[in-house]
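Here's a quick walk through a predicted model. Let's look at the sheet, the helices on it, and then one of the pockets.

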Amino acid sequence: MIFDLHSHTYFSDGALSPEALVERAKARGVSVLAITDHDTIAGVDLAHKAAVKAGIQLISGIEFSSQWGKGGVHIVGLGVNPASPELQAAIDFQVQARAARSLAIGERLSRAGFPDALAAAKEIAGAGTLGRPHFAQYLVKVGAVKTINAAFKKYLGAGKLADVKYQWPLMDQVIGWIHAAGGVAVLAHPAKYELTRTKMCALVDSFVAAGGDAVEVISGLQPASVTRDLIKIVNTRSLYSSCGSDFHVPDQPWQELGSFGVLPDEAKPVWNLLGF
């Protein structure tokens with residue numbers, strides 16, 4: 001069985017509808033898929049219906065932004081109950097925070113000569129959760145930059161003119177939200193935070209102290225040496241291991257659905273906590 005436990009639809013910053021995402025996952029051989037959009041579960045019901053038709057299993061999920069030290073980290077909730085009032089309250093909290101941040105980003109871009117940035121980003125986001133990638137798409141669309149990455153490097157990334165810092169909720173609060181909704185808390189893609197090994201261990205220790213359950217030891221295509229080292233860190237702390245593509249856009253081989261290898265035998269699979 002292929003478990004892909006991290007993916008995004010157009011309800012956050014992905015490109016595909018929930019139905020199209022499920023169809024693509026089925027075509028790629030995925031057996032169990034988790035939809036983990038940023039700060040929303042809007043696509044979960046549609047994805048569940050599509051998964052039944054496609055003959056694959058779907059896990060309800062979400063991805064929350066959280067604060068660790070001076071930077072942000074992401075925590076995925078797997079197996080959350082979409083009807084949970086605690087989960088809805090958490091989503092409302094995050095949506096308001098993102099709205100305030102987006103307003104500030106829009107104001108900074110306006111002063112830089114892009115007065116339509118906020119309205120255009122909202123239009124691009126549509127029903128999805130508004131975020132920095134939508135501003136990046138706008139900057140590409142108006143010809144300010146050629147690529148999404150260039151938009152971050154020039155305008156939206158750390159230290160740039162539209163870099164709006166926000167104090168996201170701490171890990172214990174986010175993990176508490178996930179547990180209150182009946183879910184499993186997973187530290188998302190730790191290898192992508194560009195930390196030294198010492199800081200990586202400190203992050204995982206903080207995650208454990210906050211009540212976390214598992215770590216995403218495989219996120220898309222990555223060197224086998226990275227996976228082995230993460231599993232060592234995770235196993236010495238009695239955590240479970242997760243894996244996922246972090247799929248956003250088709251035809252990006254480094255984040256393609258199901259195309260990231262399998263968990264090594266020494267890993268404790270997070271799906272053991274999810275009833276598989």
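## The sheet

Start with the seven strands, which make an open sheet with mixed pairing, in the order E1-E2-E3-E4-E5-E6-E7. At the edges sit strand E1 (3-4) and strand E7 (240-244), each pairing on one side only.

Strand E7's partner is strand E6 (residues 214-219), and the two run parallel, held in register over five bridges. If you want a spot to click on, try Ser-219, whose bridge partner in E7 is Gly-244. As a reminder, strands of a sheet pair through backbone hydrogen bonds, either parallel or antiparallel.

## Helices on the sheet

Helix H2 (residues 44-54) packs on the sheet, where it touches strand E2 (32-35) and strand E3 (57-68). The direction of H2 makes about 150° with that of E3.

Strand E3 also has helix H7 (residues 171-180) lying across it, along with strand E4 (71-78) and strand E5 (184-187). Here the angle to E3 is about 160°.

## The second largest pocket

Now for some empty space: the second largest pocket has a volume of about 170 Å³. Its lining counts 14 residues, and those nearest the centre are Val-95, Arg-98, Ala-99, Thr-129 and Leu-130.

Which helix gives the most to this lining? That's H3, with five residues. Helix H3 (85-111) and helix H4 (117-125) each supply at least two residues. By character, the lining of this pocket splits into eight nonpolar, four polar and two charged residues.

Terms used: Residues numbered from 1 in each chain as written. Predicted model: local features only at pLDDT ≥ 70, side-chain atom pairs only at ≥ 80, totals over all residues. Heavy atoms only, no water. Pairing = 2+ DSSP bridges. Helix = DSSP H or I, 4+ residues; strand = E, 2+ residues; numbered from the N terminus. Contact = heavy atoms within 4.5 Å. Axes fitted to C-alpha atoms, helices over the stretch in contact; angles between N-to-C directions. 1 Å grid on protein atoms, 1.4 Å probe; cavity = no way out; pocket = protein on both sides within 12 Å on 5 of 7 lines; lining within 4 Å. Points joined across faces, edges and corners; volume = space filled by probe spheres on them. Nonpolar A, V, L, I, M, F, W, Y, C, P; charged D, E, K, R; others polar.
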